[in-house]
Amino acid sequence: MQLPLGPQTPAAIQLIRWIFSPMSFMDECVRRYGDIFTLNLGKNNQNLVFVSNPQALQQILTQDTRADFHAPGELNVLFKSLLGDNSVICLSGAQHQRQRQLMMPPFHGDRMRTYSHVITQITAETLAEVQIGQTFDVRTTTQTITLRVIMQAVFGLNRGERAEQLARLLSELLELGSSPLSVAMLYLPILQQEFGGIGPWAIQMRCQQAVDALIYAEIQERRSQPDFTRTDILSLLMAAQDEVGESMTDVELRDELMTMLVAGHETTATALAWALYWLHKLPAVRAKLVAELDRLGPDPDVTAVMKSPYLDAVCNETLRIYPVGMLTFPRVTTKAVNLAGRELPPNTIVLGSIYLTHHREDLYPQPNQFRPERFLDRHFSPFEFFPFGGGARRCIGSAFALLEMKLALAQILSQWELELVDQRDVHAKRRGLVTAPERSIQLRVKSQRSKVESNPNSIDRIAEDSQLTASEVAL
Ligand code: HEM
């Protein structure tokens with residue numbers, strides 16, 4: 001049985017191209033070999049099948065807990081050093097399912113909407129730190145917003161000494177992990193050397209230990225002073241028990257908290273930064289969105305913002321053109337499988353290429369143009385547009401991320417007139433295991449838009465009526 005075609009260059013060359021220029025490498029492969037091709041990135045000489053064919057994606061993502069495919073966490077080894085063995089990302093089978101069920105409720109439905117106020121308030125506070133006429137780095141600012149928001153959701157705190165320290169160290173840790181060298185260290189464990197404590201790996205590990213110490217201190221404090229009124233995710237996870245009445249250990253808690261902090265903030269921060277870039281790069285898009293938001297009146301309610309069609313289209317187009325996650329996590333064939341006409345042997349690793357699918361000319365004409373209207377003109381299936389993956393490992397935080405993107409954008413656009421400092425195009429590049437703008441995007445604050453009086457159904461009012469404890473709202 002022959003695998004789909006792919007480059008015949010040595011695995012080391014393919015790995016270098018994958019680390020340094022993953023998007024242009026994938027573009028080149030799809031042109032040469034079609035929408036299902038094979039790469040060999042050297043790891044145990046393992047072949048990886050990249051898929052951007054919607055029919056095949058449907059087959060994979062609807063069958064990944066059934067007979068044909070599974071979604072093993074063991075293959076997500078690249079995340080283990082940062083997130084730990086017990087992270088939901090690294091678990092498989094029943095354990096994975098159980099952990100997902102524990103983690104999902106806080107990110108869905110009414111519970112999640114109670115964070116609306118926090119998102120709006122943190123966005124307003126963060127932007128208020130910039131004076132009129134000043135410029136700011138967009139991704140740093142959006143990262144501050146999303147880090148504070150996820151810390152509030154996870155721990156119920158975003159202020160105070162431990163929170164500030166944790167925020168600073170987490171940003172440092174992600175920065176350290178963002179370079180191609182750090183990615184190479186993940187793919188090639190032989191590079192994970194201490195070099196007398198001064199090598200990049202040693203520096204990264206020290207930073208990680210400092211983050212761990214803060215997380216463990218928080219867990220200890222909660223164990224010694226239980227507060228059953230708290231509704232943050234840490235409290236829910238601490239209260240949860242499995243079928244035999246066992247609670248999560250400190251190490252298990254640490255790994256899940258780290259997973260949510262890491263998975264939950266840089267991704268959304270990057271998406272938000274891209275949205276702000278496109279909105280200020282293309283004034284007609286911004287004007288159309290501002291007009292839509294203005295029609296909602298002052299302090300619109302959350303439901304109205306979430307249902308705004310053009311805002312939805314802008315967020316979708318942002319996540320389409322440069323998806324933060326280029327790929328789904330790996331799925332593996334459990335037996336010989338015919339994948340959209342290609343015979344795959346058992347144990348073949350397949351990856352959904354979100355980036356390539358989102359750039360298919362037949363689905364998205366002129367795919368490199370930012371055009372939100374395409375999402376108003378037609379409906380895309382979950383195998384044509386899937387920025388959050390799908391199936392057994394579909395992103396736990398997708399609804400949360402969209403809530404955050406929409407509310408933060410609505411808040412920023414209704415409060416501020418901003419302009420791009422540099423009109424040159426910005427493209428995406430690899431940043432660690434995800435993608436990000438290739439260079440700093442700077443925005444200048446032109447003026448503040450006038451704020452009109454409060455609406456009784458506004459986001460702020462909903463938070464007052466919600467079950468957020470005082471400790472969750474302001475610590
Ligand atoms: C714009 C923001 C985000 C994007 C683009 C994104 C994208 C993704 C993608 C592509 C996957 C892999 C899905 C698959 O393999 O099928 C994933 C998984 C995951 N995401 Fe997100 N994500 C975002 C925000 C978040 C947030 C806010 C959280 C908060 C907790 C989060 C937590 C996770 C977790 C825990 C998984 C692993 C799920 C599992 O293994 O079962 N993500 N995400």
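**Note on the predicted model of the protein chain**

1. Met405 lies in helix H19, which covers residues 398-415; helices here are DSSP runs of H or I with at least four residues, strands are runs of E with at least two, and both are numbered from the N terminus. Met405 counts as buried because its relative accessible area is 1%, where buried means under 20%, exposed over 50% and partly exposed in between, with a 1.4 Å probe and protein chains only. Not counting residues up to four places away in sequence, Met405 touches Thr268, Ala271, Leu272, Cys315, Thr318 and Leu319; contact means heavy atoms within 4.5 Å. The C-alpha atoms of Met405 and Leu276 are separated by 10 Å, with their positions 129 residues apart along the chain.

2. On the basis of the note: this is a predicted model, in which local features need pLDDT of at least 70 and side-chain atom pairs count only at pLDDT 80 or more, while totals for chains, interfaces and linings use all residues. Residues are numbered from 1 along each chain as its sequence is written, and side-chain values use heavy atoms, with hydrogens and water left out.

3. On the overall fold, the protein chain has 21 helices and 12 strands. Its radius of gyration is 22 Å, which agrees with the value near 23 Å for a compact globule of 475 residues; the radius is taken over C-alpha atoms, and the globule rule is 2.2 Å times the number of residues to the power 0.38. The C-alpha trace spans about 70 × 55 × 45 Å along its principal axes. Of the contacts between residues at least 6 apart in sequence, 73% join residues at least 24 apart.

4. On burial and surface, 55% of the 475 residues in the protein chain are buried. The chain exposes about 20200 Å², and carbon and sulfur atoms supply 54% of this area; accessible areas come from the Shrake-Rupley method with a 1.4 Å probe, and for residues only the protein chains shown count as cover. There are 46 positive and 52 negative side chains, and the centres of the two sets lie 5 Å apart. Lys and Arg count as positive and Asp and Glu as negative, whereas His and the chain ends are not counted; the place of a charge is NZ of Lys, CZ of Arg, CG of Asp or CD of Glu.

5. Asp64 is located in the loop between helix H3 (54-62) and strand E3 (69-70). Its relative accessibility is 3%, so Asp64 counts as buried. Leaving aside neighbours within four places in sequence, Asp64 is in contact with several residues, among them Phe69, His70, Arg331 and Arg393. Asp64 and Val421 are 357 residues apart in sequence and 46 Å apart in space, C-alpha to C-alpha.

6. The loop between helix H7 (116-128) and strand E4 (135-137) holds Val130, and Ile132 is also placed in the loop between H7 and E4. Val130 is buried at 11% relative accessibility, whereas Ile132 is exposed, with a relative accessible area of 52%. Beyond four places in sequence, Val130 touches Phe136 and Val445, and Ile132 touches Val445, Lys446, Ser447 and Gln448. Val130 and Arg444 are 314 residues apart in sequence, with their C-alpha atoms 9.1 Å apart in space. For Ile132 and Leu147, 15 residues apart in sequence, the C-alpha separation is 24 Å.

7. Thr141 is found in helix H8 (residues 138-155) and is buried, with a relative accessible area of 11%. The Thr141 side chain reaches the backbone oxygen of Asp137 at 3.0 Å. Thr141 also touches Thr126, Leu127 and Phe136, not counting residues up to four places away in sequence.

8. Glu373 lies in the loop between H17 and H18. Its side chain makes a polar contact with the side chain of Lys288 at 2.9 Å; a polar contact is a pair of N or O atoms within 3.5 Å, where within protein one must be able to donate a hydrogen and the other to accept it, and residues adjacent in sequence count only if both atoms are side-chain atoms. Outside its neighbours within four places in sequence, Glu373 is in contact with Lys288 and Tyr310.

9. Two backbone angles merit a remark. Ala340, in the loop between strand E6 (337-339) and strand E7 (342-344), has a positive phi near 45°. Ala340 counts as buried at 19% relative accessibility. Gln366, in the loop between helix H17 (354-357) and helix H18 (374-377), has a positive phi of about 45° although it is not a glycine. Most residues other than glycine have a negative phi.
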